Amino acid sequence: MAGNITFTMIKPDAVKNGHIGAILNKMNEGGFKIVAMKYTRLSKEKAGEFYEVHKERPFYGELVDFMSSGPIVAAVLQKDNAVEDFRTLIGATNPAEAAEGTIRALYATSIGENAVHGADSDENALREANFHFSGTDMYM
Ligand code: GDP
């Protein structure tokens, strides 16, 4: 059965471009409840750890530099079928391929600076939520 939790980050590009409010609004309109949230900045080391699964990919260095380049909003979201529904709401990795009306189509600027992160499995959603929040910081 699909889980009801996903993990997201509003990435440094979207924060810098003033899109926090609009993106949170899209999450609310999409039926997601925010159960944990913080405004923070990842160190290069922490960003590297978070994206460790992509270590062998050619863009890893660029991704780590970008994700530690400025503040982000990290959040845990709750909804039935959360992971899949949130991936639909954010759209394809490359904003040029993202469906109309999706968060990335509206607010991302490139495949690297693509406005939001969304966990890609229930297992990763839990791992990523626990990476950023302690259990007592989540209000289910
Ligand atoms: P996601 O699950 O849609 O976020 O996509 P991936 O798991 O494939 O990649 C993780 C993140 O790495 C993406 O959200 C982008 O920020 C970044 N990324 C993916 N492909 C590229 C690329 O070709 N170039 C750069 N610079 N970054 C990329």
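Q: In this predicted model, what makes the approach of asparagine 114 to the ligand a polar contact?
A: A polar side-chain atom of asparagine 114 lies 2.9 Å from an oxygen atom of the ligand. A polar contact is a pair of N or O atoms within 3.5 Å, so this pair counts as one.

Q: How much of the ligand's own accessible area does the protein cover?
A: The protein covers 82% of the 550 Å² that the ligand has on its own.

Q: How do you know that lysine 11 and arginine 104 make polar contacts with the ligand?
A: Lysine 11 has a polar side-chain atom 2.9 Å from a ligand oxygen atom. For arginine 104 the corresponding distance is 3.1 Å. The cut-off is 3.5 Å, therefore both pairs qualify.

Q: Why is Phe59 listed as a residue around the ligand?
A: The residues around the ligand include Phe59, His54, Arg57 and Glu62. A residue is listed because one of its heavy atoms lies within 4 Å of the ligand.

Q: Why does Gly112 count among the polar residues of the shell?
A: Gly112 is one of the residues around the ligand, and the classification places Gly with the polar residues. By class, the shell has three nonpolar, four polar and five charged residues.

Q: Which pocket does the ligand take up?
A: The ligand takes up the space of the largest pocket.

Q: Why is the chain said to agree with a compact globule?
A: A compact globule of 140 residues would have a radius of gyration near 14 Å, and the chain has 14 Å, so the two agree. The C-alpha atoms fill a box of roughly 35 × 35 × 30 Å along the principal axes.

Q: What elements make up the chain?
A: The chain has seven helices and four strands, in the order β-α-α-β-α-α-β-α-α-β-α from the N terminus.

Key:
Residues numbered from 1 in each chain as written. Predicted model: local features only at pLDDT ≥ 70, side-chain atom pairs only at ≥ 80, totals over all residues. Heavy atoms only, no water. Polar contact = N/O pair within 3.5 Å; in protein donor to acceptor, adjacent residues only side chain to side chain. Areas by Shrake-Rupley, 256 points an atom, 1.4 Å probe, with all protein chains shown as cover. 1 Å grid on protein atoms, 1.4 Å probe; cavity = no way out; pocket = protein on both sides within 12 Å on 5 of 7 lines; lining within 4 Å. Sits in = over half its atoms within 2 Å of the grid points. Helix = DSSP H or I, 4+ residues; strand = E, 2+ residues; numbered from the N terminus. Rg over C-alpha atoms; globule rule 2.2 N^0.38 Å.
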